[in-house]
Amino acid sequence: MAQAATIIIGGGIAGLWLCDALRRRGDPVVLLERSGLGDGQTIRSQGIIHGGVKYALAGALSESAANIGEMPARWMASLEGTAEPDLRTARLRTRYCHLWQTEGLRPGLGMLGARLALQVTPEVLAAAERPPVLRECPGAVMRLAEPVVDVASVLGVLAARNAGHLFLADSIDFAPDAGGRVSAVQIRAGTKEPHRIVASQVVIAAGQGAAALRSQLGLNPALMQRRPLHMVMVRGALPELNGHCVDGGSTRATITTVVDAAGRMIWLVGGLIAEQGVGMTPAALLGHARQELEAIVPGLSLRGTEWAAWRVDRAERSMPGGRRPDDVQLVVEGNVITAWPTKLALAPRLADRLLEAIAFTPGDQPEVPSEWPRPAVALPPWETEAEWTSVP
């Protein structure tokens with residue numbers, strides 16, 4: 001009889017982290033991806049490993065802040081090679097983010113919750129300790145032990161570690177047994193003959209694709225919600241900046257810095273700017289974002305920069321009122337588990353929960369034809385965007 005395996009559908013951070021954990025445990029595991037690894041939500045992440053501070057700005061230790069608090073230390077252990085998965089060859093952009101306030105706030109307003117029992121607590125910087133780009137900020141500037149990773153390189157390391165378990169699948173067909181469980185999946189890729197894999201467990205970690213897969217399985221697709229963002233990129237002679245500008249209890253903007261293949265500095269801009277931008281045209285959003293950046297970073301020159309915008313939906317388990325889930329989410333239905341990490345930073349926590357839910361099934365790795373195509377890491381949006389708007 002063919003060896004059964006845990007079949008993970010979705011090659012983003014959640015699927016890859018789980019695949020690595022199952023492989024290390026000794027489980028037969030296969031990961032299926034229809035395009036590029038991380039394509040969709042993961043590769044468009046800003047790369048911040050949040051520690052809960054931004055979720056505590058309202059003045060109380062929220063459940064979100066408590067659940068995510070241990071993640072920076074967890075990720076750093078992997079990035080330093082002292083814990084699995086060993087991510088030492090992934091690129092760490094910076095070990096720290098900064099948190100700064102806008103003009104007119106009372107000292108400490110919006111920071112109280114960030115100091116309450118968090119494992120990542122803000123460190124107030126003296127004027128001389130501030131990064132040059134924030135020297136002229138009128139409010140407090142703090143440093144946070146929230147690392148920022150190069151997401152594509154993390155995906156690349158996990159892909160290399162698990163190369164024998166990753167396969168492209170243009171389409172997937174499910175074979176239910178008499179009890180309604182999934183007994184096998186049949187995959188197709190290009191002109192290859194369809195291939196059948198026996199399933200002990202199916203984990204749907206496909207982000208936005210989870211709804212269609214659930215429908216295909218006869219499961220309720222409305223169990224998933226989408227929260228849209230309209231993100232901004234700025235390219236040019238920019239200083240390096242990674243962190244959050246806070247205004248009272250909200251994150252006015254979150255900015256991270258990347259360097260593209262041509263060596264150009266690029267700011268990725270999210271936070272309230274990206275949430276408000278959902279209802280704006282790209283042109284309106286870029287104009288709004290420029291005004292905001294000039295307001296929250298005093299003395300910043302944006303002359304000669306280029307701008308672009310892109311939309312992305314955050315796929316999550318459906319919550320009352322559409323609110324963001326406070327933690328990772330997984331739903332077990334027979335031998336099908338649908339999983340959402342909620343945030344990039346929570347991928348290790350989700351893998352822990354899934355390992356508890358998936359029975360250990362030692363055995364040989366299922367055979368897939370050696371010539372079967374394998375997925376590569378998807379390109380990030382700043383490498384694929386064709387329409388950039390110049391600012392004189």
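Start the tour at strand E14 (250-259), because you'll come back to it: with three residues, E14 gives the most to the lining of the second largest pocket. Keep in mind as you click around that this is a predicted model.

**Stop 1: the pocket**

Show the pocket itself, which has a volume of about 290 Å³. There are 17 lining residues to colour, and Arg91, Arg93, Asp150, Val258 and Val259 are the closest to the centre. Besides E14, the elements that give two or more residues to this lining are strand E3 (92-94), helix H4 (151-161) and helix H9 (381-384). Colour the lining by residue type and you get ten nonpolar, two polar and five charged.

Now select Asp150. Where along the chain does Asp150 lie? Look in the loop between E7 and H4. Is Asp150 buried or exposed? Its relative accessible area is 12%, under the 20% cut-off, so Asp150 counts as buried. Draw its contacts, skipping residues up to four places away in sequence, and you'll see that Asp150 touches Arg91 and Arg93.

**Stop 2: along H4**

From Asp150, carry on into H4. The buried residues in H4 are Val151, Ser153, Val154, Leu155, Val157, Leu158 and Ala159. Turn on the surroundings to find what they pack against: helix H1 (13-25), helix H3 (71-79), E3, strand E7 (148-149) and strand E8 (166-168).

**Stop 3: the largest nonpolar core**

Stay with H4 and widen the selection. The largest nonpolar core has 42 residues, and inside it Ile13, Trp75, Leu87 and Leu354 have the most contacts. At least two residues each are supplied by H1, strand E2 (29-33), H3, H4, strand E18 (336-340) and helix H8 (347-357). H1 provides the largest share of this core, seven residues.

Centre on Leu87. Setting aside its neighbours within four places in sequence, Leu87 is in contact with Trp17, Trp75, Ser78, Leu79, Val154, Val157 and Leu158. Of these, Val154, Val157 and Leu158 are among the buried residues of H4 from the previous stop.

There is also a second, separate core of 28 residues, and Ile197, Ile204, Ala211 and Met224 are included in it.

**Stop 4: Arg214**

Pick Arg214 in helix H5 (residues 210-216). Arg214 has a relative accessible area of 0%, so it is buried. Which residues is Arg214 in contact with, leaving aside its neighbours within four places in sequence? Show Ile204, Leu219, Asn220, Pro221, Leu223, Glu333 and Thr338. For a distance to display, try the C-alpha atoms of Arg214 and Ile204: ten residues apart along the chain, they are separated by 8.4 Å.

Follow the contact to Glu333 and you land on strand E17 (residues 329-333), which pairs with E18 in the antiparallel sense over five bridges. Opposite Glu333, in E18, stands Val336. The hairpin of E17 and E18 has two residues between the strands, and Gly334 takes a positive phi near 65 degrees there.

**Stop 5: the nine-stranded sheet**

Next, switch to cartoon and trace the open sheet of nine strands: the order is E5-E6-E4-E13-E14-E15-E12-E16-E19, with mixed pairing. What stands at the edges? Strand E5 (123-124) and strand E19 (389-390) do; each has a single partner strand, so one side of each is left without a neighbour in the sheet.

Zoom in on strand E15 (residues 265-270). Five of its six residues are buried, so E15 is largely enclosed by the rest of the structure. On one side, strand E12 (residues 224-236) pairs with E15 in the antiparallel sense over five bridges. Check two positions on that seam: Met233 has Leu268 as its bridge partner, and Val232 stands opposite Val269.

E14 also runs antiparallel to E15, joined to it by six bridges. Here Val258, one of the residues closest to the centre of the pocket, stands opposite Ile266 in E15. E14 and E15 form a hairpin with five residues between them, and Gly263 in the turn has a positive phi of about 85 degrees.

**Last stop: another hairpin**

Finish with strand E9 (residues 171-176) and strand E10 (residues 182-188), an antiparallel pair with six bridges. Pro176 stands opposite Val182 in E10. This hairpin has five residues between the strands, and Gly180 takes a positive phi near 85 degrees.

Conventions: Residues are numbered from 1 along each chain as its sequence is written. This is a predicted model: local features need pLDDT of at least 70, side-chain atom pairs count only at pLDDT 80 or more; totals for chains, interfaces and linings use all residues. Side-chain values use heavy atoms; hydrogens and water are left out. On a 1 Å grid over the protein atoms alone, a cavity is a set of points where a 1.4 Å probe fits but cannot get out, and a pocket is an open set with protein on both sides within 12 Å along at least five of seven lines; lining residues have an atom within 4 Å of a point. Grid points are joined across faces, edges and corners, and a volume is the space filled by probe spheres set on the points. Helices (H or I, at least four residues) and strands (E, at least two) are DSSP runs, numbered from the N terminus. Ala, Val, Leu, Ile, Met, Phe, Trp, Tyr, Cys and Pro count as nonpolar, Asp, Glu, Lys and Arg as charged, and the others, Gly among them, as polar. Buried means under 20% relative accessible area, exposed over 50%, partly exposed in between (1.4 Å probe, protein chains only). Contact means heavy atoms within 4.5 Å. Two strands pair if DSSP finds at least two bridges between them. A nonpolar core is a set of buried Ala, Val, Leu, Ile, Met, Phe, Trp, Tyr and Cys residues joined through side-chain atoms within 4.5 Å.
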